[in-house]
Amino acid sequence: MPRRTVSVPRPNGDPAQSNFGEKEPLKSNGEPPKEKVELRKKVTLLRGISIIIGTIIGAGIFISPKGILQNSGSVGMSLVVWVACGILSLFGALSYAELGTCIKKSGGHYTYILEAFGPQVAFVRLWADMIAIRPAGLAVIALAFGRYILEPIFMPCGVPEIAIKLATTIGITVVMYLNSMSVSWTARLQIFLTFSKLLAIAIIIVPGLYQLFKGETKNFENAFEVNTAQLTGLPLAFYSGMYAYAGWFYLNFVTEEVENPERTVPLAICISMVIVMICYTLTNVAYYTVMSADELLASNAVAVTFAEKLMGNFSYAVPVFVALSCFGSMNGCLFAISRMFFVASREGQLPEVLSMIHIRRHTPLPAVIVLYPITLLILFLGDIYSLLNFMSFLRWLFIGVAVVGLIYLRYTRPDLPRPFKVPIFIPAVFSFTCFFMVFLSLYSDPINTGIGFAISLTGIPAYYIFIHSKRKPKWFQKFSDSMNRSLQILLEVVPAEH
């Protein structure tokens with residue numbers, strides 16, 4: 001049977017060949033689509049800010065902001081670490097703002113590593129993301145959502161595990177459905193959820209600061225007196241802090257859908273990071289006005305303990321706010337990550353169907369739902385927390401590599417347009433921080449880190465078998481083509497137009 005081709009636009013504007021026929025794809029009613037099938041620029045400044053803030057602020061600040069206090073050893077030092085981690089994260093965010101304005105493609109880390117260091121390194125990153133990091137990360141956020149959405153119903157008893165997993169499955173399904181149906185509604189929901197979590201933080205900050213101005217400062221006396229922690233705990237405190245701020249890079253995953261990215265990307269990143277840094281620092285100050293360091297370390301859910309002490313029955317509302325916060329993180333995360341799979345498929349590193357768009361809804365439907373079966377499998381059968389332990393250091397390794405790529409591109413491609421340019425010390429300091437955190441993982445947990453490395457290195461043979469090799473077996477090619485065609489018809493998706 002002769003191979004049929006259609007021009008599919010590449011991000012640089014050059015057409016690439018695909019195997020899906022010269023004829024214009026048909027709608028379900030037999031007519032050709034009248035409007036351009038593409039991902040539209042629907043991410044405004046406000047939506048960009050809501051993606052970043054809504055994804056960074058998850059359950060951590062409400063439940064267990066104690067990793068920093070535990071390892072820094074004093075109230076004063078813990079606040080210094082919160083601010084310092086915010087500034088370091090801002091350095092990373094500014095580096096990504098430069099990358100996002102000079103490489104105007106979606107895909108985030110994957111795209112920047114691909115541009116700087118080539119397809120092999122980029123595929124190893126993609127492989128680790130696909131098989132473990134993203135499904136496990138999504139499952140953990142969803143589990144927190146499932147637990148806290150049910151907590152008010154089961155109070156004061158514990159929530160049964162099976163109920164949590166069912167609520168988690170519903171949460172994941174709803175997020176996947178929304179992201180498949182409409183980019184606009186996904187973005188509007190993200191704005192609403194971002195405002196709801198900022199409201200929850202304001203409900204903690206305002207009464208906390210009121211207590212402080214009333215003179216409740218006993219927990220700040222001798223704030224820098226270190227009794228418990230040694231200096232060796234400080235890097236672990238920074239590790240916890242950097243993890244709490246992680247998420248500033250998600251807008252770079254959707255650059256092609258951002259209105260006026262040269263202005264919007266840097267502005268959204270800077271505004272978001274300043275807001276998150278102020279929120280995190282003031283929330284911790286508010287906690288310390290009501291709780292001593294020992295009480296905060298003993299609490300299983302810090303925001304609930306805080307609300308019980310100051311607001312009585314209002315503490316019942318806290319789990320609902322936490323659940324909404326987790327839902328916002330899931331929504332923002334999935335919205336961004338699906339674009340990485342979309343771009344990887346367009347680059348020929350994932351099945352072709354993942355770079356196709358729904359003919360009416362203009363969403364990258366296959367790229368959105370590809371994580372659904374893997375996430376549910378890990379949720380019910382896998383050991384999620386072990387997977388995250390194996391893989392969390394890889395996040396920092398590859399972010400560090402992407403930021404080193406910025407420095408590398410300054411010398412190898414000096415003529416690249418850079419509407420937004422940061423001083424070279426900013427990416428240098430941030431990439432050093434990332435590699436220091438990887439070294440810290442190796443030092444503190446060599447076994448789990450070693451297993452994570454081993455899992456990610458399986459991407460090298462996978463690259464040479466599935467991507468690099470030009471002479472694939474005929475049966476494999478036939479199977480791949482028929483799967484692509486079947487999914488294209490079933491999901492009503494077509495290659496994107498230029």
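Here are some informal questions and answers about this predicted model.

Reader: How many helices and strands does the protein have, for a start?
Author: Let's go by the fold before zooming in. Of the 498 residues, 56% count as buried. As for secondary structure, the tally is 20 helices and four strands.

Reader: Among contacts with a separation of 6 or more, what share comes from residues 24 or more positions apart?
Author: The count here leaves out pairs with a separation below 6. Residues 24 or more positions apart then account for 81%.

Reader: And the surface: how much of what the protein exposes is supplied by carbon and sulfur atoms?
Author: Start from the total, which is about 21,500 Å². Carbon and sulfur atoms supply 66% of that area.

Reader: Is Ser180 buried or exposed?
Author: Ser180 sits in helix 7, which covers residues 161–181. Setting aside residues up to four places away in sequence, Ser180 touches Arg361, Thr363, Leu365, Val368 and Ile369. Its relative accessible area is 5%, and the cut-off is under 20%, so Ser180 is buried.

Reader: What does helix 9 span, from its first C-alpha to its last?
Author: Helix 9 runs over residues 234–245, twelve in number. At 1.5 Å a residue you'd expect 16 Å, and the model comes close to that. The value is 17 Å.

Reader: Which residue just after helix 9 takes a positive phi?
Author: Inside helix 9, the buried residues include Leu234, Pro235, Met242 and Tyr245. Just past the helix, phi turns positive, at about 130°. The residue is Gly247.

Reader: Cys102 and Cys270 caught my eye. How many disulfides does a search of the whole structure find?
Author: Cys102 counts as buried because its relative accessibility is 10%, while Cys270 counts as partly exposed at 26%. A disulfide is a covalent bond between the sulfur atoms of two cysteines. For the whole structure, the number of disulfides found is zero.

Reader: What about voids: how much space lies in the largest cavity?
Author: Cavities of 30 Å³ or more come to three. In the largest cavity, the space is about 90 Å³.

Reader: Which helix gives the largest share of the lining of that largest cavity?
Author: Residues lining the largest cavity include Phe62, Ala200, Phe306, Met311 and Phe321. Helix 8 (183–213), helix 12 (302–311) and helix 13 (318–346) each supply at least two lining residues. The largest share is four residues, and the source is helix 12.

Notes
Residues are numbered from 1 along each chain as its sequence is written. This is a predicted model: local features need pLDDT of at least 70, side-chain atom pairs count only at pLDDT 80 or more; totals for chains, interfaces and linings use all residues. Side-chain values use heavy atoms; hydrogens and water are left out. The expected span of a helix is 1.5 Å times one less than its number of residues. Buried means under 20% relative accessible area, exposed over 50%, partly exposed in between (1.4 Å probe, protein chains only). Contact means heavy atoms within 4.5 Å. Accessible areas come from the Shrake-Rupley method with a 1.4 Å probe; for residues, only the protein chains shown count as cover. A disulfide is a pair of cysteine sulfur atoms within 2.5 Å. On a 1 Å grid over the protein atoms alone, a cavity is a set of points where a 1.4 Å probe fits but cannot get out, and a pocket is an open set with protein on both sides within 12 Å along at least five of seven lines; lining residues have an atom within 4 Å of a point. Grid points are joined across faces, edges and corners, and a volume is the space filled by probe spheres set on the points.
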